[in-house]
Amino acid sequence: MERLGAFIKKHRLWLGGLCCALAVAFALCWAGYTLHQAGRDQSEYRIVHDEYVEKQGLYPTDPAAGLVQGLPAGEGETLYGVRLMFVTDGRVAQGTFRVALESADGQTLAACDGDMTMLLDGAFVDVIFASPVTLEKGSGYQLHVTFAPATAEDKAGLVYGEGVQADPAMPLADRLSSDWTLRTAALQYITNHTGTGYALRAFAPLAALVFLAVMVGWWLIFIRRAKAHVCFAFFAAALGLVFALVTPPLAGPDEYGHLATAYALANRITGQPGITEGPDGENLLAMRECDAEYMRDSSGPIGILAYKTMTDELFSTGNSGELTASAQVSPPYSVVALQYLPQALGILLARTLGLGFHAMLLLARLGSAAVFAALGALAVHLAPARKNVFFAAGLLPMALSLAGSVSADTLVNGLALVFTALCLRGLLCTEQLGRAEQAGLLVLAALIGPMKAVYLVLVGLCLPIPAAALGGKKRSRAFKALVCLAALAGWLWFNGATVGYMLRSVDTYRIVYILVRLVPLAAAAALVWWRWGKRPWFKKAALAAAIVLALVLARGVLWVAANSGETLTPEEYAASIQPNGESTYVYSFGYILSHIPQTVKLLVNTLGSELPRYLQGLVGALPGEPIVYGLEASWLLTIALLALLVWACLQPVEAKPLLGRSARWTLALVALAVAALSMLAALCWTPINLTTVFGMQGRYLLPVLPAMLLLFSEGRTLCLRRSTDGELRFAAGALATAVALQSLVLFASAAYKP
């Protein structure tokens, strides 16, 4: 026992790595087995003929000669089999049957042999060919169905439609009968099929990637003792690739709209038209022929067949780069073009190489993941302290899944990490910040707000930076004023239309009239201040007058807004209800101020019922677009991710608080302001008859999460007895990997087709 104990103590690090490898292998085996069970013998169908009633059955005169169903010429699609509706005279027939796909001249192209006991009376039966067949244009085909019954009582035939329910181009005939009455069998094409081993074959390379990502991360952290930003860059890049492969095409949050906007940007970079308005007012986007088939104005399908379509087409090459097709897409997002530049470059690279749609989408996602990995690593590197806060926040599955999809939020999340790290650097700086750091603060402040309106208040994080860090009081005030002005100017430029929409029911003309009338008063006040402003008694009087004036002004503006809101009659309200039960009227500033009790009740009900889902969305336990798919990862993983964030806030016993009172208040106010603005923005899209706010998601708080964690890390209720940096960083990567694997299983097992 002593030798065993000494051996374990001597080699505990490598034994820990072995245990880690075994745990990862076990998780991969579990995921592979679940995928195999969910993806075995799954098919996708296309209805060819379903005009039939009363299940009329045609039995062959001679079962061995069988029935012949004519098929139209193909369009280049691949046929894995067919679905036919059989009749068996109300009993379970014994014997065998054969369905052969033949060319027009009777040559057998593919066939399927089966047991007649699987033919249920009046039910569709999947007939899978031994090998798929591509139906070529201009060529006719036919299905030859024959039977070998065990006894004369074992009868089987096909359900058909007759007369007006038949298709003249698809006649169904008895081989030995002279009855050529127009009829067509009930028929569906099987256009995709997984077979029995597809899921495991497709999962094998992903499993190898996951295993390498976790184990190389373990080696970097515990053996190489790599710096935090190096470990973050590796995990973010590797797991960004994993999430890019795990998320089905167009299954990320609003990915269909973001991809259309990125595609339009790629068009404009090359001098091609972006999204244009069609003759009926629809939004049309010029694109390649190979892309038009998959581009859509809704979230993409999920399920094992979505993965099969992706893997089948992933290595397609030789596609023309000419934009000869177009597709209807969602309206372009009004954001800074820079947000889609990484994805647009991936799209252009795929076009240049002649790759297909799925490879193009993957390259766009990889461009997004690479930029996020670089920005996150920069933030961890710049942070002078509390690096674990940035590490844990940046490696949340929600941040990685957004980075692994085409999303405008990727750059926002990355830049917010860097901006928060620079502000922390300024707060803790003992000397003056360098010019590069000050320039970074200015540029990032000017970009973050325009990229998404609710994040404008993040600029407030730079206000508590000491004057000494910015070159003295005068330079500090000038710099902070410049930062705020740049952020506000960019925000108004890119979000003016959104603000105008939210104020649509407010009488802004009366408000502007009130404000304009204050201009002479402000000029007179400035003149009086210049004359008597230095006297102590005047300062107090001026402050009191300013407070009274501000209160009166605020009251007047609120009164105008509240009395210009929408007031609906019962008839108007009833007429606004759509077939889905939602009203066409939504909340606005005017409606909110004139219906405060209703608004408060809505917000309280929302927080009471939806807060758990907001937490799940924040950490990434709701894969894909939660509004569409409704997938939910294990609550065990959600709790583990929340515990990881708490762990990242814990500090050693000997550590001292880093931030002053003003900095802590700023962090708290900024976090609350972003949460409130996000809720307000979602509220302004909520129909007035809903009981909870529509569209609010936890992921909207990702940019402000590092600030929240920095605030919590100032507490001393819980402390660490020793440093656990390595363990926490490895746990962050491991938990993100676990969520990626479960997301894969959830996507593959679900069934959604728009």
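Hi everyone, let's start with a pair of strands. Strand β14, residues 283–287, is joined to β15 by four bridges, and the two run antiparallel. To find one of these pairings yourselves, look at L285: its bridge partner in β15 is A327. Please keep in mind that we are looking at a predicted model.

A bit of background helps here. Strands of a sheet pair through backbone hydrogen bonds, and they can do so in a parallel or an antiparallel way.

Now let's widen the view. β14 belongs to an open sheet of three strands, ordered β13-β14-β15, with antiparallel pairing. Which are the edge strands? They are β13 (275–277) and β15 (325–328), each pairing on one side only. On average, neighbouring strands in this sheet are turned by 40° against each other, ignoring direction. Helix α5, residues 255–269, packs on the sheet and touches β13 and β14. The direction of α5 makes about 55° with that of β14.

Next, let's turn to empty space. The second largest pocket holds about 1200 Å³. Its lining is made of 39 residues, and E44, N192, Y294, L305 and T309 lie nearest the centre.

Which helix or strand gives the most to that lining? That is α7, with six residues. You can find α7 at 304–313. Other elements supply at least two residues each, among them the strands β1 (43–49), β4 (78–87) and β12 (187–193), and the helices α9 (357–382) and α24 (725–749).

What about the chemistry of this lining? It divides into 17 nonpolar, 13 polar and nine charged residues.

Thanks for listening!

Notes. Residues numbered from 1 in each chain as written. Predicted model: local features only at pLDDT ≥ 70, side-chain atom pairs only at ≥ 80, totals over all residues. Heavy atoms only, no water. 1 Å grid on protein atoms, 1.4 Å probe; cavity = no way out; pocket = protein on both sides within 12 Å on 5 of 7 lines; lining within 4 Å. Points joined across faces, edges and corners; volume = space filled by probe spheres on them. Nonpolar A, V, L, I, M, F, W, Y, C, P; charged D, E, K, R; others polar. Pairing = 2+ DSSP bridges. Axes fitted to C-alpha atoms, helices over the stretch in contact; angles between N-to-C directions. Contact = heavy atoms within 4.5 Å.
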